[in-house]
Every structure is written in structure tokens, then in C-alpha cells.
Amino acid sequence: MRVENVDLLVIGAGMAGLTAGARAVRNGLSVMVVEIGTDVGGSARFAGYAWTAPSHDVMDQHNPWGDTVLKRALVDRFPEGVAWIRSLGVDVKDAQRVLSFGRGHQFDTHQYVDTCRRVIREGGGALLLETCAERLVVEDGAVTGAELRLADGARLRVSAGTTLIATGGFQGDPQLRTAHVHPRAESMQLRSNPFSRGGGYRLATQVGAATGHDDAGFYGHLIPSGISFADPADFVDLSLYYSEHALLFNVRNDRFVDETLGDHLTAMALLEQPESRGLLLADARVFRDWVVGSYVEGAVAVDKFALASKRGGRVGLAEDLDELAYLPEEWGYRGDAVRDAVKLFNEDAAAGLEPVPGRQLDRLPLDEPPYYVIETVPAITFPFHGVRIDDRARVLRGDGEPLHGLLAAGSDTGGLWHRAYAGGIASALVFGLTAADTATITATAATAITATATATTATTATTATAAQTRASQATD
């Protein structure tokens, strides 16, 4: 087997992996990045914003059960991450609000990942596509590289001072989703690249990496039922972000969640409801302001109701509340019960009463006809369960100590998010940079040790030579 040596081996060429590779090259490290897919970028190519909570207090409020150390690192290092993107010449827009609580920046993720690829190659780094990491190499309890299978079937062993796992999660593997997200997670559609199938998760756990909680949840969004994604543009076009201002009913015709807290949270809640499907109902106000309006400033607005109808989804238009009683029977809902629930909600809203479940952010009634109905299901982008790391991106063992030589970043990691979310691109960016800097410290220390050993050897040799010379002179 051919062997190559590098300071940093990066397994996965998405947002986290490319960020780490480019930063490490800029830091002067020798780098190899390997990617199982046919191109770099992963799911980052489908994103457009880097955002997170603007302060520790806001992060704690919206992600109370996440790992405190990781949350602090993300908030504190996010400005540096934005500065890094700008340093590469990528256009980054001014800060703006994202969701009800976040703050972040729109940027061209295609330009960013392509720029990182160029930086890696121009800096002497290697980038191998269609390459699979088959196993990590462990020597004396430390990860010292990996064995790879190349695109042509050849095998390569890479000896690395540090190895980074950045394969993007396991959302592409139905079995892992069922085991670590929810028993019905297997049937969810994938709004992500198809290559994130748990490769990094398996590599890390096979050598003793600790993992997060199985009930941590996932990041995803509601989409119309019965419609398959045709291309990556559907990941945004078919996501029903406006659910934050609509009403959602399960198959028992009941509201079961505060929809206003976020579509991504509602998606998790719906997965756990009977049959994991529900009716999303909006009135003319919600349609006007949020369906055909921009969900985030600068984003292109798409008439999601019209698109769902065109693509053959279960949609309906009721000219008034009474028409809701005539929902198609084969859908499996009681139209009259849904109608009565909307009427009760409107009466409570008009009277200033708190509905059950509550409505924290948008308490306006839905009393402006017509009514737009879409049957919806959750789709997954990535799971929150993953490999545990510390704030230096070092993978942790079961005893909480670092697993020497192994780092992880991005959606392969667990612990940061627990039934909550505040920016996957931001996390990949921040901990990708952190991983590169940790690898740099390791490489610098190794160089210093080597230099010391070389100097010691040279000194010993010089001393020995001098002793031999004195002995020779004494003999003469």
C-alpha cells in the first residue's frame, strides 16, 4: 500500500472540511482533503446565510440544553468566521436578522467553497474526489491517519499528524436516522446532499469516540406531502417556512405545538405526531405577508402554495371557514373539526386569550379569507446526534478526554444543538477554523520536538567525536 504523509488529513469537503483545509494551508501546513462525492461543497452549496445567536443570553434562551462550552465558542468566534470569509474575497452582505432571534450574513456559498478549493490547491494541498476513507489508523491510542480507497480502486495509507472528520452527518442513512433520530425518521425526505451517510460517524465511533444524546432531534423543515424533491432548488422552494404564522393540525385534528417558535422546531414536533403528517392552514394575511413574501430579507420569494399545487401535492383553497368542513375524506382529517378549531382560535385571539398550545410570537387571528391548506410532512437536513467534541474541535472519548490525533467539525458533531438550532453553516465555519488552528498547534509542537531531538542527536554526536579525538591524542 502506498503511503503519504501530511500534517492534516481532512475527510469530507463540505463547509467544515474546506474551511479547515484552506485555513490550514494558509497556516503553512501540508494538507490532504478527501471527498466521497464527485464535487466539493456538500450541502453548503444549498445554503445562503451564515448566522447564529448574537449573544450568549440569546443562545441560552433558544438552545438551553446545548453544550455550554460549544455554544460559547460559536457565539464568540462567529465574527472571526465572517472576517475569514471576507478575507478570501467572497462578498458578504451586511448583518441582518434571521428567524426571530438570530443575526447573520448572506454570502455566495458557491463562491466560498470554490475559493477554498482553489486556496488548498494553490497552497500545495491535495484534493481527492470519489475517495472513501475505509478506516482510521490507531497507534498507541492515538489516531495517526487513515486508509483510503481511491476513485480507481487503488488503496492509499495517509499518515497524518491530525485527522479531521467532516463528512456532514448521517442524514443520508435511513438506518442511522431510525436509530438516533426517531423510529419514523427513515421515511423522511432528504433536503441535503446524498453523500452524508454517516461515514465520519462510523469512523470515529469505531475508534472509541463518544456521541451525543439520541433524543437531540434534527434540523429540517416542513414540506408538502407526496412531492419528491426534483433538484436541490426544491430544498428551499418547497420548504414551508411560513408555518411560523400559520396553524398546524395533526391527523387527530388538533394543534399540538407553538408554530410561531420556528418551522424547524415544528418539523421536529410533527415527526413525533401520529403518522408524522398534518394540515398547514394559512389565511389571506399570512399568504400575502409570508407565503409570497420573503422569509428572510434578500431571499427570493416563491409562491409555495402554487408550486405545491402544480407538483401534485395535497392542497386546498377554501373561500371561507365553512368550506374547510369539506376537506377530502381520503385525506384522513375531519374538516368540520378543523373548521371549529380555527373558529375557536380566532375567537380566543380576538378576546386576547392565550390559545392552547400557546402562540408566543404571532397571536393574530386567521380571519381573512380565503384559506390556503397544504398537507405537510417533515424533511431532514442533518441530525443533531453526533460525535462529541470540545471547544478545540478535539473528538472526545467516553471518559471525556480527547482522543488524540482526531478532530471533528460540522454536522458530524453532536452536543451543540439539542432540540434547538441556531445556524449549521456558522457551526461548520467556526469549528472548521478551530480544527485548522488546533492542527497547526499540533504540527508546530511536533516540529519543535523533532528539532529538539535533532539538535540533541547532533550534540551527542559532536560530544562523542570530541571524546574519541581526545582518546586518540592520549594514546599517541
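**Close-up views of the predicted model**

**View A. The second largest pocket and its lining.** By class, 10 nonpolar, six polar and two charged residues make up the lining of the second largest pocket. The model shown here, and in every view below, is predicted. The volume of this second largest pocket is about 430 Å³. Its lining counts 18 residues. Nearest the centre are His62, Leu261, Leu265, Arg419 and Ala420. Two elements each give two or more residues to this lining: α2 (56-62) and α8 (263-271). Helix α8 supplies the largest share, three residues. Why does the second largest pocket lie between domain 1 and domain 2? Both domain 1 (2-215 + 384-448) and domain 2 (219-380) give residues to its lining, so the pocket sits between them.

**View B. Arg419, a residue of the pocket lining with positive phi.** Arg419 is one of the residues nearest the centre of the second largest pocket. Its place is in the loop between β19 and α12. Phi of Arg419 is near 55°, which is positive, and the residue is not glycine. Is Arg419 buried or partly exposed? Its relative accessibility is 29%, so Arg419 counts as partly exposed.

**View C. The largest cavity.** The structure holds one cavity of 30 Å³ or more. About 90 Å³ of space lies inside the largest cavity. Which residues line it? They are Phe382, Pro383, Phe384, Gly410, Ser411, Thr413, Gly414, Gly415, Leu416, Trp417, Gly424 and Ser427. Strands β15 (371-383) and β19 (413-414), with helix α12 (424-475), are the elements that give two or more residues to this lining. By class, the lining has five nonpolar residues, seven polar and no charged.

**View D. An edge-to-face pair, Phe305 with Tyr372.** The count of aromatic pairs in the structure comes to 14. In one of them, the ring centres of Phe305 and Tyr372 are 5.0 Å apart. Their planes meet at 85°; the cut-off for edge-to-face is over 60 degrees, so this pair is edge-to-face. What does the pair tie together? Phe305 belongs to helix α10 (residues 304-310) and Tyr372 to strand β15, so the contact ties together parts 67 residues apart in sequence. Phe305 has 13% relative accessibility and counts as buried. Tyr372 also has 13% relative accessibility and counts as buried.

**View E. The Phe382 and Phe384 pair, and an aromatic cluster.** Phe382 and Phe384 form an edge-to-face pair. Their centres are 5.8 Å apart, with 70° between the planes. Phe382 is buried, at a relative accessible area of 8%. Phe384 is buried too, at 2%. Both residues appear in the lining of the largest cavity. Which residues do ring pairs link into a cluster? The members are Trp51, Phe101, Tyr219, Phe382, Phe384, Trp417 and Tyr421. Trp417 is another of the residues that line the largest cavity.

**View F. Strand β11 beside β15.** Strand β11 covers residues 218-224. Seven of its seven residues are buried, so the rest of the structure largely encloses this strand. How do β11 and β15 run? They run antiparallel, joined by seven bridges. His221 stands opposite Ala379 in β15.

**View G. Thr211, in the loop before β11.** Thr211 is placed in the loop between α6 (199-206) and β11. Its relative accessibility is 31%, so Thr211 counts as partly exposed. Asp390 is 179 residues away along the chain. The C-alpha atoms of Thr211 and Asp390 are separated by 12 Å.

**View H. Two cis peptide bonds in the loop between α11 and β15.** Val356 and Pro357 are joined by a cis peptide bond, with omega about -10°. Pro357 lies in the loop between α11 (335-350) and β15. Pro369 and Pro370 are also joined by a cis peptide bond, with omega about 5°. Pro370 is found in the loop between α11 and β15.

**View I. Asn253, another residue with positive phi.** Phi of Asn253 is near 70°, a positive value, and this residue is not glycine. Where is Asn253 found? Its place is the loop between β12 (247-249) and α8. Asn253 has 10% relative accessibility and counts as buried, the cut-off being under 20%.

Terms used. Residues numbered from 1 in each chain as written. Predicted model: local features only at pLDDT ≥ 70, side-chain atom pairs only at ≥ 80, totals over all residues. Heavy atoms only, no water. 1 Å grid on protein atoms, 1.4 Å probe; cavity = no way out; pocket = protein on both sides within 12 Å on 5 of 7 lines; lining within 4 Å. Points joined across faces, edges and corners; volume = space filled by probe spheres on them. Helix = DSSP H or I, 4+ residues; strand = E, 2+ residues; numbered from the N terminus. Nonpolar A, V, L, I, M, F, W, Y, C, P; charged D, E, K, R; others polar. Phe/Tyr/Trp six-rings, centres within 6.5 Å; stacked < 30°, edge-to-face > 60°. Buried < 20%, exposed > 50% of the residue type's maximum accessible area, 1.4 Å probe, protein only. Pairing = 2+ DSSP bridges. Domains from an automatic or database assignment.
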